[in-house]
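Hi,

Here is the structure I promised to pass on. Please open it first, and then read my notes below alongside it.

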Amino acid sequence: MTIRVAAVGDIHLSEHARGNYRARLDGIEDRADVLLVAGDLTRHGTVEEGQVIADEFRGLAIPVVFVLGNHDYHSDAEQEIMEMLRETGHFVLDDSAEVLFGGKLGVAGGKGFGGGFAGKCANEFGEQETKAFVRHTREIAERWRIALKGLDTDHRVVLSHYAPVKDTLAGEPPEIYPFLGSYLLAEAADAAGADLIIHGHAHAGTEKGATPGGIRVRNVALPVLGRSYAIYGL
């Protein structure tokens, strides 16, 4: 069975955009089997903006799997937003996994975090603030590895907001790469195994890349795609 995965990130909806994005999803069920949304759903992470997201995706004819992004954490309402989205009947990953289509597809992941990439990254050394920054990403990556290992499915996809490789950051200033993602996320996927990694966050980046282990990586930030969503086959 071929599974058609639609994906997009960084839609940044607010009350002013109510109804606009839903119109762009018309007919998606004819083109895709599942929709993955790679974070930065809102502009400022307010409860009101979270309600807009819940309303825009409510009743969609295919399953939707969300992760939150850094914007969605800005107002400290991330738990309320996740609960709103779950109440729509769709899925929200928070360093966790879900199984769809009777075991044919497993999706694991969460927001992710930064730190940089091999050879040019922060280390868990020195000041407590630096150690805490890197430790946060390392602990997230370990939870992803465990979640992926627990998926006994035909296909496995990782859904993230932050980038796991620098390939898909090409076009962004190199000085901000450490704040756009971490190689630890890719290491977790390579260790556990996956068919595809979806992420957003890098608005000026590049769509296509790969992990050192050869897993396809796709940056689906809306400004990168230039279309409502992309579709990838598994």
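**What I found**

The buried residues of H4 are covered by, among others, strand S5 (96–100), strand S6 (105–110), strand S9 (155–160) and helix H5 (183–192). Please keep in mind throughout that this is a predicted model.

Let me stay with H4 for a moment. The helix runs over residues 128–149, 22 residues in total, and spans 31 Å from its first C-alpha to its last, close to the 32 Å expected at 1.5 Å a residue. Which residues of H4 are buried? They are Val134, Thr137, Ile140, Ala141, Trp144, Ala147 and Leu148. Looking down the axis of H4, you will find these buried residues within an arc of 145 degrees, so they line one face of the helix. Gln128 and Lys149, on the other side of H4, are exposed.

Helix H3 (residues 78–87) can be read in a similar way. Its buried residues are Glu78, Ile81, Met82, Met84 and Leu85. The arc they cover around the axis is only 160 degrees, which puts them on the same side of H3. Their cover includes H2, strand S3 (64–67) and strand S4 (91–92). After H3 comes Gly89, with a positive phi near 95 degrees.

Next, the pocket. The largest pocket holds about 160 Å³ of space. Which residues line the largest pocket? The lining is made up of Phe117, Ala118, Pro164, Val165, Lys166, Asp167, Tyr183, Ala186, Glu187, Ala210 and Pro212. H5 gives the largest share of that lining, with three residues.

One of the lining residues, Pro164, is worth selecting in your viewer. Where is Pro164 placed? You will find Pro164 in the loop between S9 and H5. Is Pro164 buried or exposed? Its relative accessibility is 3%, so Pro164 counts as buried. Leaving aside residues up to four places away in sequence, Pro164 touches Phe117, Ser182, Tyr183, Leu185, Ala186, Ile197, His199 and Val217. Among these contacts, Phe117, Tyr183 and Ala186 also appear in the pocket lining. If you would like a distance to check your numbering with, the C-alpha atoms of Pro164 and Gly19 are separated by 32 Å, and the two residues lie 145 places apart along the chain.

Two backbone angles may interest you as well. Asp40 is not a glycine, yet its phi is positive, at about 50 degrees. Asp40 sits in the loop between strand S2 (34–38) and helix H2 (47–57), and with a relative accessible area of 2% Asp40 is buried. His201, also a residue other than glycine, has a positive phi near 80 degrees. The loop that holds His201 lies between strand S10 (196–199) and strand S11 (208–210). His201 is buried too, with a relative accessible area of 12%.

Finally, a word on annotation. An unreviewed UniProt entry lists residues 3–204 as "domain: Calcineurin-like phosphoesterase". Over residues 3–204, the chain is 29% helix and 20% strand, and the C-alpha atoms at the two ends are 28 Å apart.

Happy to talk it through whenever suits you.

Best wishes

Technical notes:
Residues are numbered from 1 along each chain as its sequence is written. This is a predicted model: local features need pLDDT of at least 70, side-chain atom pairs count only at pLDDT 80 or more; totals for chains, interfaces and linings use all residues. Side-chain values use heavy atoms; hydrogens and water are left out. Helices (H or I, at least four residues) and strands (E, at least two) are DSSP runs, numbered from the N terminus. The expected span of a helix is 1.5 Å times one less than its number of residues. Buried means under 20% relative accessible area, exposed over 50%, partly exposed in between (1.4 Å probe, protein chains only). The arc is that of the directions from the helix axis to the C-beta atoms. Contact means heavy atoms within 4.5 Å. UniProt positions are given in the numbering used here, feature names are shortened, and annotations may be inferred rather than shown by experiment. On a 1 Å grid over the protein atoms alone, a cavity is a set of points where a 1.4 Å probe fits but cannot get out, and a pocket is an open set with protein on both sides within 12 Å along at least five of seven lines; lining residues have an atom within 4 Å of a point. Grid points are joined across faces, edges and corners, and a volume is the space filled by probe spheres set on the points.
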